Each structure stands twice: as structure tokens, then as C-alpha cells.
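This report walks through one protein fold, from sheet to helices. Keep the viewer open and follow along.

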Amino acid sequence: MKKVIMFTTQTWPHCHTAKAYLREKGIDYEERDVNVDVVARNEFLKRGLRGVPSFLIDDEVVVGLDKEKIEELLGL
């Protein structure tokens, strides 16, 4: 299975929706909160990302909860 990293914040409601979706699909992921994790925030900004939730699936970036793209990248 490909490695899934999700950049989030605790205050943005769409991040909670995205976590519920990943749990529902049985997708393991690593959460990185850009508001509290300086390393995560730096990586987030270095990649030119501006919105959460954003996903890093291996080397592919998905901004927003694009379920179709996430499932395509994961072969679901």
C-alpha cells in the first residue's frame, strides 16, 4: 500500500470529514497538523500547498478531499 500523509488543521471542518472518509475506507494515513507541527508546516509550504486537507500519496499531491483522485492513486 502506498504511504498516505494528510496535512490538516484541528479547526478546519473539512479535515474532520477527510479523516472520517479515510477511516471508512480503511486507508492508513499519517496526519500532520500544520498549525502545531513546524516541520509539517515547512513541508506543506515548500510543496506550495495552501489548503487543507491536502494529501501526499507517495509522490503525488492531492489538494482537498478529491475522493476519486485519492482512490485512483491508491488503486481502490
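## The sheet

The model is predicted. Strand E3, residues 54–57, pairs with E4 in the antiparallel sense, over 4 bridges. Phe-55 faces Val-62 of E4 across this pairing. Ile-57 has Glu-60 as its bridge partner in E4. The hairpin of E3 and E4 has 2 residues between the strands. In this hairpin, Asp-58 takes a positive phi near 55°.

Now the whole sheet. It is open, has 4 strands and shows mixed pairing. The strand order is E2-E1-E3-E4. Strands E2 (30–33) and E4 (60–63) form the edges, each pairing on one side only. On average, neighbouring strands are turned by 20° against each other, direction ignored.

## Strand E1 and its partners

E1 covers residues 4–8. How many of its residues are buried? The count is 5 of 5, so E1 is covered on both faces: Val-4, Met-6 and Thr-8 lie on one side, Ile-5 and Phe-7 on the other.

E1 runs antiparallel to E3, with 4 bridges between them. Met-6 stands opposite Phe-55 of E3. Val-4 stands opposite Ile-57 of E3. The pairing of E1 with E2 is parallel and also has 4 bridges. Here Phe-7 has Arg-32 as its bridge partner in E2. From E1 the chain passes through H1 to E2, a β-α-β crossover that is right-handed.

## Both sides of E3

E3 also has buried residues pointing both ways. Ser-54 and Leu-56 point one way. Phe-55 and Ile-57 point the other way. All of these are buried.

## Helix H1 and a buried lysine

Helix H1 spans residues 13–25 and contains Lys-19. Is Lys-19 buried or exposed? Lys-19 is buried, because its relative accessible area is 9% and the cut-off for burial is under 20%.

Leave out residues up to four places away in sequence, and Lys-19 touches Met-6, Gln-10, Tyr-29 and Glu-31. Met-6 is one of the buried residues of E1.

## Helix H2 and a buried glutamate

H2 runs over residues 38–46. At its start, a side-chain oxygen of Asp-37 comes to within 3.0 Å of the backbone nitrogen of Val-39. After the helix comes Gly-48, with a positive phi near 80°.

Ala-40, Glu-43 and Phe-44 are the residues to look for on the buried side of H2. Down the helix axis, the buried residues fall within an arc of 100°, so they line one face. An α-helix has 3.6 residues a turn, so residues three or four places apart point the same way. The buried residues of H2 pack against E1, E2 and E3. Val-39 and Lys-46 are exposed, on the face turned away from the buried side.

Glu-43 deserves its own view. Its relative accessible area is 17%, so Glu-43 counts as buried. Which side chain does Glu-43 join in a polar contact of 2.5 Å? The partner is Arg-32. Beyond residues up to four places away in sequence, Glu-43 touches Phe-7, Arg-32 and Leu-56. Two of these also meet in the sheet: Phe-7 and Arg-32 are bridge partners. Leu-56 is a buried residue of E3.

## Helix H3

H3 takes in residues 67–74. Its buried residues are Ile-70, Leu-73 and Leu-74. Viewed down the H3 axis, they fall within an arc of 95°, so they line one face of the helix.

What does this buried set pack against? The contacts are with E1, H1, E3 and E4. The other side of H3 carries Glu-68 and Glu-72, both exposed. Gly-75 follows the helix, with a positive phi near 70°.

## The picture in brief

The order E2-E1-E3-E4 places E2 and E4 at the edges. The buried residues of H2 pack against E1, E2 and E3. Those of H3 pack against E1, H1, E3 and E4. Two charged names to revisit are Lys-19, buried at 9%, and Glu-43, buried at 17%.

How values were computed. Residues are numbered from 1 along each chain as its sequence is written. Side-chain values use heavy atoms; hydrogens and water are left out. Two strands pair if DSSP finds at least two bridges between them. Axes are lines fitted to C-alpha atoms, for helices over the stretch in contact, and angles run from 0 to 180 degrees between N-to-C directions. Buried means under 20% relative accessible area, exposed over 50%, partly exposed in between (1.4 Å probe, protein chains only). Contact means heavy atoms within 4.5 Å. The arc is that of the directions from the helix axis to the C-beta atoms. A polar contact is a pair of N or O atoms within 3.5 Å; within protein, one must be able to donate a hydrogen and the other to accept it, and residues adjacent in sequence count only if both atoms are side-chain atoms. A crossover is right-handed if, with the strands pointing away from the viewer, the path from the first strand over the helix to the second runs clockwise.
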